[in-house]
There are 2 protein chains.
Amino acid sequence: MHTEFEDYLASQTDLPAGKILQISSMATLRRLKRNEMLLSAGEVCRYKVFVINGLLRNFHIKPDGNEHILHFSPQHTWTLDVESYDKHTPSLINIEAVEKSTVLLWAKPDFDQLLSGIPELKKFSERLISRTIYNNRNRILTILSSTPEERYADFVNAYPDYLARLPLRMVAAYLGISLKTLTRIRHAQLQREAGIMDK
Amino acid sequence: MHTEFEDYLASQTDLPAGKILQISSMATLRRLKRNEMLLSAGEVCRYKVFVINGLLRNFHIKPDGNEHILHFSPQHTWTLDVESYDKHTPSLINIEAVEKSTVLLWAKPDFDQLLSGIPELKKFSERLISRTIYNNRNRILTILSSTPEERYADFVNAYPDYLARLPLRMVAAYLGISLKTLTRIRHAQLQREAGIMDK
């Protein structure tokens, strides 16, 4: 049905093929254009989302219009606004395709039914939740404790391919620094690299 | 056995008294002096911790000696280094009593056994995990998007009693701003308040 998702689930879990097909068959495929919104702040997040290909971002817009990016969701990751999804409350964040993307959507009642009927899926889901907690913890530490230069270096190390795929303003919105600061950091780095190459 | 914890669990869950006693009886009570460490970075976090009274903090020390506080754990909350606890890896963070505190500790194998034997405890635990995710998400957004002034105002609103209980350097380490900036913000605020009172 959705072969790429099924291969992913087979590689990540011990689920038998029948269960994988059952999970896959409950999903709806959706294609997103570049910059298309999947969830807008104020709406209730009704779907669990798996990214088959492309790149999404979860971001918040402050009343002053400034955007702040919580995280990016590349190929073969899951995303949603978990608080809105769990509690049926309006979402504080937006989810948008940064580039042309294909996603699978499960409506919450369907996914809940899958979780309660398939213990191995529930365990897998708990592993993903744990990973989210570790990642968020590390992100808080990084933002609290690192200089803009260190944050940028971490970002380039962790996501080497993102720089080519993202507008710089989004990198800045993810790092929590101004575009001006980011431009200065990159400029200084290029100059250092040029200096090394001169030697 | 640990009456205060049992009352807490009865107020938060529908667990029958027998199960509550079973959970309570697996815990070890520990009293911590002010500034006493419960977990040091580099150790494996082997316990789930419930704070009966007092105040703990989870913090990270950078190689340059700077401290950054992930969160505080007041009375009737749970704490641990979740990644170290789950994976049996050395902890990146420290947990310390900010003031004289009493905690309950469950060794991981004991708590795992309770979780698998008591579905209602498992559900409660999942609720706590969700809350952690929401809180971390909101903390990331706050640090990314707020000015130091806004962060301080949020902190005072969210934790009105902490200011009197914490050294200012810890408030600064939680907000991710320098002590100098925090002092400046507080000074400006006091002057505004004095101005209002003069009128």
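# Exercises on a predicted two-chain model

In chain B, strand β2 (residues 37-39) and β6(B) run antiparallel and are joined by 2 bridges. This is a predicted model, in which local features need pLDDT of at least 70 and side-chain atom pairs count only at pLDDT 80 or more, while totals for chains, interfaces and linings use all residues. Residues are numbered from 1 along each chain as its sequence is written, and chains are lettered from A and ligands numbered from 1 in the order in which they are written.

## Exercise 1: the strands of chain B

Work out how many bridges join β3(B) to β6(B), and in which sense the two strands run.

**Solution.** Begin with the terms: helices (H or I, at least four residues) and strands (E, at least two) are DSSP runs, numbered from the N terminus, and two strands pair if DSSP finds at least two bridges between them. Between β3(B) and β6(B) there are 11 bridges, and the strands run antiparallel; within this pairing, B:R57 has B:E96 as its bridge partner in β6(B). Next, turn to β1(B), which is joined to strand β6 (residues 94-107) of chain B by 5 bridges, again in an antiparallel arrangement, with B:R30 standing opposite B:V103 in β6(B). For β2(B), the residue to find is B:L39, which stands opposite B:I95 in β6(B).

Finally, strand β3 (residues 47-61) and strand β4 (residues 67-74) of chain B pair in the antiparallel sense over 7 bridges, and B:L56 has B:S73 as its bridge partner in β4(B). The hairpin of β3(B) and β4(B) has 5 residues between the strands, and there B:G65 takes a positive phi near 95°.

## Exercise 2: one residue of β1(B)

Decide whether B:R31 is buried, partly exposed or exposed.

**Solution.** First locate B:R31, which lies in strand β1 (residues 28-32) of chain B. A residue is buried if 20 or more other C-beta atoms, placed from the backbone, lie within 10 Å of its own, exposed if 12 or fewer do, and partly exposed in between. B:R31 is partly exposed because 13 other C-beta atoms lie within 10 Å.

## Exercise 3: the core and the domains of chain A

Find which residues touch the most other members of the largest nonpolar core, and explain where this core lies with respect to the domains of chain A.

**Solution.** A nonpolar core is a set of buried Ala, Val, Leu, Ile, Met, Phe, Trp, Tyr and Cys residues joined through C-beta atoms within 7 Å. The largest has 75 residues, of which A:L38 and B:L38 touch the most other members. Domain 1 (3-141) and domain 2 (146-199) of chain A, with bounds from an automatic or database domain assignment, both give residues to this core, so it lies between them.

The centres of these two domains, taken over C-alpha atoms, are separated by 28 Å. Counting residues in contact (C-beta atoms, placed from the backbone, within 7 Å), 9 residues of domain 1 of chain A meet 7 residues of domain 2 of chain A. On the side of domain 1 that touches domain 2, β4(A) gives the most, with 4 residues.

## Exercise 4: where the chains meet

State how many residues each chain brings to the contact between chain A and chain B.

**Solution.** The contact takes 22 residues from chain A and 22 residues from chain B. On the side of chain A that touches chain B, α5(A) gives the most, with 13 residues.

Note on methods
Two residues are in contact if their C-beta atoms, placed from the backbone, lie within 7 Å.
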